[in-house]
Amino acid sequence: MNKTLAAILLLAPLTAVAVPLNIGVASAVRGSVNATAPGAAGRVVETGKNVYSHDRIKTGPEGKLQILLLDQTSFTIGANSEMELDEFVFDPATNAGKVSAKIVKGAFRFVTGKVARRDPASMQVQTPVGTIGIRGTMTAGNVSDSEATIVLLGPGPGNNADEKAGGVTVKNDKGSTDIDQDGWGVTVKAGEAPSPAFELNPSQLEGILSGVGSAPKGDAKDDAAAGGSTDDSSGQGTA
């Protein structure tokens, strides 16, 4: 074997490894949170550390995580939850792009960022029983393999951030339901169409939000790494 061929064979495994694409940061972490990117070893997620395209993220029994993507889209997931960051494309010059994520299980909340504000159709969030189409909004819910409850949190008409009123469409192959009023939601069961939209009573709403609550805040070191209040940075305070 000549030296040139030997060098090519030696370098080939190195050039075949794809470099993970950084798409945001873990802006606040509490408890045990782990992530796995395709073709990479699992890693512990800590406040201030990057998250990558196609990461599969899991929280432990006491875990909680808030992610801030580069377009200011924010995801919060509660304990014993799991999500995938399927696709993220963002052009900061035009705010064009695409955001696609999947909530596999557990409690979640998200606030749309620049991509969805520019073009709501550019963001979708999948669950095992249906897809959430976005129209610029803050949304929360609780997901299992066989059922999901999804609620629109705002912004409502006349909100203090001068934002357009939010909305979501929850759909699967059996049907779809629009939610246009904050505090209203739907339930979806495996193999069934989403329910008609209904207004959640305070206890129902509290039951969903208790899983994510306020964004988790670390100690002083964590807050400094995250750049201050995660609620403020994600726009949750004004939404």
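These legends accompany several close-up views of a predicted model.

**View 1. The whole chain, to get your bearings.** Welcome to a predicted model in which five helices and 17 strands make up the secondary structure. The chain has 239 residues, and 43% of them count as buried. Its accessible surface comes to about 11700 Å², with 52% of that belonging to carbon and sulfur atoms. If you like contact statistics, consider the contacts in the chain with a separation of 6 or more: 53% of them come from residues 24 or more positions apart.

**View 2. Strand β16 and its two antiparallel partners.** Start with strand β13 (residues 147-154), which pairs with strand β16 (residues 184-189) in the antiparallel sense over five bridges. To find your place here, look for Val151, which stands opposite Gly185 in β16. Then turn to strand β17 (residues 198-199), which is joined to β16 by two bridges and also runs antiparallel to it. A handy landmark for this pairing is Trp184, standing opposite Glu199 in β17.

**View 3. An aromatic cluster of Phe75, Phe108 and Phe110.** Searching the whole structure gives three aromatic pairs. In one of them, the ring centres of Phe75 and Phe110 lie 5.8 Å apart and the planes meet at 50°, so this pair is tilted. Distant parts of the chain are linked by it: Phe75 sits in strand β7 (residues 74-77) and Phe110 in strand β9 (residues 96-111), 35 residues apart. Phe108 and Phe110 also form an aromatic pair, this time stacked, with 6.2 Å from centre to centre and 10° between the planes. Together, Phe75, Phe108 and Phe110 form one aromatic cluster. Are these rings buried or exposed? Phe75 and Phe110 are both buried, and Phe108 is buried too.

**View 4. The largest nonpolar core, with Met83 in focus.** This core holds 37 residues, and those with the most contacts inside it are Ile57, Leu65 and Met83. Which strand gives the core its largest share? That is β9, with five residues. Now take a closer look at Met83 and what surrounds it. Leaving aside residues up to four places away in sequence, Met83 touches Asp55, Arg56 and Ile57, along with Ile67, Phe75 and Ile77, and also Ala101, Lys102, Ile103 and Val104. You have already met one of these, Phe75, in the aromatic cluster with Phe108 and Phe110.

Key
Residues are numbered from 1 along each chain as its sequence is written. This is a predicted model: local features need pLDDT of at least 70, side-chain atom pairs count only at pLDDT 80 or more; totals for chains, interfaces and linings use all residues. Side-chain values use heavy atoms; hydrogens and water are left out. Helices (H or I, at least four residues) and strands (E, at least two) are DSSP runs, numbered from the N terminus. Buried means under 20% relative accessible area, exposed over 50%, partly exposed in between (1.4 Å probe, protein chains only). Contact means heavy atoms within 4.5 Å. Accessible areas come from the Shrake-Rupley method with a 1.4 Å probe; for residues, only the protein chains shown count as cover. Two strands pair if DSSP finds at least two bridges between them. Rings of Phe, Tyr and Trp (its six-membered ring) pair if their centres lie within 6.5 Å; planes under 30 degrees apart count as stacked, over 60 as edge-to-face and the rest as tilted. A nonpolar core is a set of buried Ala, Val, Leu, Ile, Met, Phe, Trp, Tyr and Cys residues joined through side-chain atoms within 4.5 Å.
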